[in-house]
Structures are given as C-alpha cells and as structure tokens.
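I opened this notebook to keep track of what I looked up, entry by entry. My plan is to begin at one helix end and work outward from there.

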Amino acid sequence: MPLENTDAEEPRIPFIVESEATAADTDEPPLDELITAATHEYLDSGMTYDGFSEHVRTTWRNAAAYDWSKLMAEPRSTGEWSSDANRLAVLGVMMQFAPESTCMMIASDILAENAPLSLPALRERINTPDGMVNTDLLFSRLIDNGTTPDPARIDMAMGILGPLEANAPTDACYRIIGLKAMLSLAMGDGEKARELAEQAIGYDASDRFASSVLDRLPETDPAMEAANVWENGGHLGR
C-alpha cells in the first residue's frame with residue numbers, strides 16, 4: 001500500500017548537512033545539536049508502517065562500529081578529547097538506541113586479549129540485540145581473566161566517551177558512566193569504579209554494566225557508609 005501525502009512530507013536531509021546549514025560563521029556545529037539532529041534522522045528514516053526498519057538499524061550500527069575504529073585511531077595526546085563531532089554523533093545515537101551492544105563493542109575493543117578488534121568483529125558485537133548481551137559472560141572474559149589492560153588504549157577510549165557523556169541525552173550519558181565504571185574496574189581503581197557505578201545505578205537500577213561492576217567490588221563498610229552520610233549533610237550521596 002503506497003504511503004499517503006508523500007508530497008507534503010519534509011525532505012530528509014542528512015543530519016550533518018542540516019547542522020552545518022544552521023551553524024553560525026565558521027564555528028563547528030555543537031556536538032549536542034549534532035547528536036539531536038542525528039537522532040531525528042535515525043528515527044525519521046527508520047520508522048515505517050511495519051515498525052522500525054531493520055536495514056536502517058543495521059546500517060547505523062555498522063557505521064558506528066566504523067566510526068569507533070576511526071576515532072580510536074586518531075592522533076590524540078594523553079587526556080585529549082576527540083573533536084570529530086560527526087563520528088561522535090553517530091555513536092551518540094547508538095548509545096541511546098543500542099546501549100548494551102554498543103558498550104559491549106567498546107569494552108571488547110579495549111579489554112579483550114586480542115584487542116584491538118577487526119572491523120568485522122566490532123560490527124558483529126554492535127549488531128547483537130541488546131537483550132542478548134550477556135554481561136556476566138562479558139565481564140568474565142574481560143574483567144575476571146587476570147589480564148592487565150593497556151592504559152594508553154583506555155585513555156584513547158576516554159577521549160571518545162568524555163565528549164559523548166558531556167553532550168548526549170541523559171539516558172545515554174548514564175549508560176556511558178556505567179561503561180566508564182567497568183573500565184575503571186579493569187584498571188584496578190575500585191573506588192572510582194564504585195562511584196561511577198553507583199551514579200549509573202542511581203539513575204537506572206537496570207543498568208547491567210554498573211550492576212556487574214558492583215558485584216565485583218567488596219561490600220561497603222557500614223561505618224564508612226555512615227561517615228559518608230554525615231559528610232553529605234545526612235544524605236547518602238551517589
């Protein structure tokens with residue numbers, strides 16, 4: 001059955017072109033605006049009368065895997081954030097609509113014994129439906145295996161996750177925080193891992209990455225927890 005009123009529909013303009021068309025002077029379009037524009041394009045192009053287009057979903061996931069690999073190969077210095085807003089925007093969309101598979105792809109590319117992964121391997125992971133991501137198995141392979149991660153590779157990843165966390169919608173922001181908790185745990189920083197995991201759990205109790213981090217940390221000392229409550233003016237801060 002043909003779509004009705006197709007002549008009245010607004011033309012679909014690529015989010016990059018749309019954002020550049022409204023950018024002021026020579027400034028780059030702000031990342032948060034690019035992520036918003038990319039999100040609209042993803043939804044507008046994917047929604048059909050029969051549900052969301054599997055072709056659009058797969059295309060964006062495959063693109064995100066490619067963009068991740070390119071961002072990880074950037075010549076950035078230690079602590080420097082990526083400024084490739086177009087690639088970051090694609091990842092920002094996937095952190096909203098495929099958060100667990102995207103986090104699995106990223107964690108595997110950083111922490112797996114055979115990291116960095118090939119592009120086909122990255123695409124295989126990000127195309128896993130979120131409901132089929134086994135976080136227990138993932139943590140067993142990446143965290144519980146006794147290997148030491150590459151600090152330089154984690155720093156490169158943080159240079160991608162940093163701008164995403166600062167500019168993505170709230171849901172995606174906290175998913176990134178949960179992933180950063182996992183990376184902190186891998187680096188042996190249990191205090192930071194707990195802090196980040198509790199932030200993520202405080203926003204969304206179903207965050208399985210954050211829960212898996214907390215499962216691997218020792219129980220909090222009740223005396224220390226009481227001290228934290230006192231320091232926060234009688235409120236337990238997360």
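Entry 1, a helix end. I looked first at the N-terminal end of α7, which is capped by N134: a side-chain oxygen of N134 lies 3.2 Å from the backbone nitrogen of D136. I note here that I am reading a predicted model.

Entry 2, the buried side of the same helix. Going along α7, which spans residues 135-142, I found its buried residues to be T135, L138, F139 and L142. They cover an arc of only 95° around the axis, and so they sit on the same side of α7. I then asked what the buried residues of α7 pack against, and I found α5 (99-111), α9 and α11 (208-215) there.

Entry 3, from α5 to its neighbour. Following α5 further, I saw that α5 and helix α6, residues 119-126, pack at an angle of about 145°, with their axes 7 Å apart. On the α5 side I listed S101, T102, M104, M105, S108 and D109, and these meet L122, R125 and I126 in α6. Sorted by class, this contact of α5 with α6 has 4 nonpolar, 3 polar and 2 charged residues. In the loop between α5 and α6 I came to P116, and the peptide bond from A115 to P116 is cis, with omega near 0°.

Entry 4, salt bridges. I turned to charged pairs next, keeping in mind that side chains of opposite charge can pair when their charged atoms come close. The count comes to 11 salt bridges, and I looked up three pairs in detail.

The pair I took up to begin with was D67 and R87, whose closest N and O atoms are 2.7 Å apart. This salt bridge links distant parts of the chain, since D67 belongs to helix α3 (residues 54-72) and R87 to helix α4 (residues 85-97), with their positions 20 residues apart. Is D67 buried or exposed? With a relative accessible area of 7%, D67 is buried, whereas R87, at 23% relative accessibility, counts as partly exposed.

For K180 and E165 I again read 2.7 Å between the closest N and O atoms of the salt bridge. This pair, too, links distant parts of the chain: K180 is in helix α9 (residues 170-186) and E165 is in helix α8 (residues 151-167), 15 residues apart. K180 counts as buried because its relative accessibility is 17%, under the 20% limit for that class, while E165, with a relative accessible area of 21%, is partly exposed.

The last pair I looked up was E195 and K192, whose side chains meet in a salt bridge at 3.9 Å, N to O. Both belong to helix α10 (residues 190-203), and because they are 3 residues apart, about one helical turn separates them. Neither entry here is a buried one: E195 counts as partly exposed at 38% relative accessibility, and K192 is partly exposed with a relative accessible area of 35%. I also noted that salt bridges sharing partners join E100, R175, D204 and R208 into one network.

Entry 5, the whole chain. Stepping back, I recorded 12 helices and 2 strands, with the elements running α-α-β-β-α-α-α-α-α-α-α-α-α-α from the N terminus on. Of the 238 residues in the chain, 41% are buried. Finally, among contacts in the chain with a separation of 6 or more, residues 24 or more positions apart account for 69%.

Key: Residues numbered from 1 in each chain as written. Predicted model: local features only at pLDDT ≥ 70, side-chain atom pairs only at ≥ 80, totals over all residues. Heavy atoms only, no water. Helix = DSSP H or I, 4+ residues; strand = E, 2+ residues; numbered from the N terminus. Buried < 20%, exposed > 50% of the residue type's maximum accessible area, 1.4 Å probe, protein only. Arc of directions from axis to C-beta. Contact = heavy atoms within 4.5 Å. Polar contact = N/O pair within 3.5 Å; in protein donor to acceptor, adjacent residues only side chain to side chain. Axes fitted to C-alpha atoms, helices over the stretch in contact; angles between N-to-C directions. Nonpolar A, V, L, I, M, F, W, Y, C, P; charged D, E, K, R; others polar.
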